[in-house]
Amino acid sequence: MPHSSGGGSHSGGSHGGSSRSSSRSSGRSGSRGGSGGRSDHVGTRAFPGASRYVYYSGKKPHFFYANYDVRKGSKSDLIVKILIVVLFVIPLTVMPFVLSYFAGVNRPERLDYIYNYKCVIEDNLDVLDNEDELEDVFQDFFDETGIAVSVITVPNSEWQGKGQTLEQYAYDQYLEHFNNEYYWLIVYSSATTGDGFDDWHWEGMQGDNTDPVLTPELARGFNENFQKRLTQNKYSVGQALAMSFEELTPKMMKATYNYMMIGIIFACFAPFIILVISMAGFHPVLSAHYKKAIECSTKYVDQEACEYCGGVYVVGLHTNCPHCQALLKKETE
């Protein structure tokens, strides 16, 4: 059934239409398939076959254990990461873009329903002084969209005082004049009050089948433009209507973007992408630290603060401060 596309009035402005009837430590532990039956392993605690390493971050040392040279990585680690990237990371990254293309972008197509096109211009107020122009404008709109536009003007007395709103009256007029859901009817009503105020109102009524093309955003733009021209008092009703449709027609078939839907799609996929990357061990900060890690025997336990920068370092492991590169004092025997 048809529904409102919005409307307005001289005293109330325009209005919109209605819709259809686990935490991680500084070290990484976990088994990864290795060659020769050995499992490459990194952890924060010592385990058989592991060497002790240290890296510096935040002006202090961080220790961890590994049974392979973390500075070079391992072939098994690389193979696992490649597989995860190919099987999970790439598909999960591409999927939001694919879904956004189909669900977040509206690409309207002209309505191709075959019916006897009928343009109704019924001016009971004698305010449409450009009917020939309106017929041409409505024809251009139909050729572009497949939506047939019509306009009816009536005095306010047709609906006021009869227990109806203009929206209800426009709904009845749509059903009375049209037998399908491919029309867009504009109903304009007016009456002059005792103090000379032109008390005009208008309402749009669109068939349900026009919704894929005549979206709420496009209808809202038309409503604002038509309302603005009516209130400027320098255009007749017919001129305001024609100019508003001439401005609307070129916009009708352009692709529009539902940014909220696109945002929701990416927000839904982001946690899964982050989770897969984390599970695969793709930690850019830790990877950078591991490359700079130093093998550190368990005999090196003492720590001191650099007298120049205050950064803490492992005593006996360096000749220069690992933080500021200043020459360290030699430890006394």
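Select helix H4 (residues 216–231) and colour its buried residues, which are Leu218, Ala219, Phe222, Asn223, Asn225, Phe226, Gln227, Arg229 and Leu230; buried here means under 20% relative accessible area, exposed means over 50%, and partly exposed lies in between, with a 1.4 Å probe and protein chains only. Helices (H or I, at least four residues) and strands (E, at least two) are DSSP runs numbered from the N terminus. The end C-alpha atoms of H4 are 22 Å apart, which agrees with the 22 Å that its 16 residues should span at 1.5 Å a residue, the expected span being 1.5 Å times one less than the number of residues.

Before going further, note that this is a predicted model, in which local features need pLDDT of at least 70 and side-chain atom pairs count only at pLDDT 80 or more, while totals for chains, interfaces and linings use all residues. Residues are numbered from 1 along each chain as its sequence is written, and side-chain values use heavy atoms, with hydrogens and water left out.

Now colour the chain by pLDDT, the predictor's confidence in each residue on a scale from 0 to 100. The mean for the protein chain is 84, and 85% of its residues reach 70 or more. Residues 21–37 stay under 50 throughout, and the model has 37 contacts for them beyond four places in sequence, a contact being heavy atoms within 4.5 Å. Where pLDDT is low, the predicted coordinates should not be read in detail.

Return to H4 and show the side chain of Arg229, which is buried at a relative accessible area of 10%. The side chain of Arg229 meets that of Glu247 in a salt bridge of 2.8 Å, N to O, where a salt bridge is a side-chain nitrogen of Lys or Arg within 4 Å of a carboxyl oxygen of Asp or Glu. Because Arg229 belongs to H4 and Glu247 to helix H5, this pair ties together parts that are 18 residues apart in sequence. Add Lys251 to the selection, and a salt bridge between Lys251 and Glu247 appears at 3.8 Å, N to O. Glu247 counts as partly exposed at 30% relative accessibility, and Lys251 is also partly exposed, at 38%. Through shared partners, the salt bridges join Arg229, Glu247 and Lys251 into one network. The structure holds two salt bridges.

Next, step to the loop between H4 and H5, where Asn233 lies. Asn233 has a positive phi near 60° although the residue is not a glycine, and at 61% relative accessibility Asn233 counts as exposed. For another case, select Asp126 in the loop between S8 and H2; Asp126 likewise is not a glycine and has a positive phi of about 60°, with a relative accessible area of 68% that makes the residue exposed.

From that loop, move on to helix H2 (residues 131–145), whose 15 residues reach 21 Å from first C-alpha to last, close to the 21 Å expected at 1.5 Å a residue. Its buried residues are Leu134, Val137, Phe138, Phe141, Phe142 and Thr145. Viewed down the helix axis, these buried residues fall within an arc of 140°, so they line one face of H2; the arc is that of the directions from the helix axis to the C-beta atoms. Asp132 and Asp136 are exposed on the other side. To see what the buried residues of H2 pack against, display strand S8 (121–123), strand S9 (148–155), strand S10 (183–190) and helix H5 (237–248). Just after H2, Gly146 takes a positive phi of about 85°.

Then centre on Leu185 in strand S10, a residue that counts as buried at 0% relative accessibility. The C-alpha atoms of Leu185 and Ser150 are 4.9 Å apart in space, although 35 residues separate the two in sequence. Beyond its neighbours within four places in sequence, Leu185 has contacts that include Val151, Ile152, Tyr174, Phe178 and Met205.

Finish at Asp199, in the loop between S10 and strand S11 (201–206). Which side chain of opposite charge is nearest to Asp199? Lys162 is, at 15 Å, and Asp199 is buried yet has no salt bridge; for charge, Lys and Arg count as positive and Asp and Glu as negative, with His and the chain ends not counted. Display Asn156, Gln160, Ser189, Ser190, Ala191 and Thr193, which are in contact with Asp199 when its neighbours within four places in sequence are left aside.
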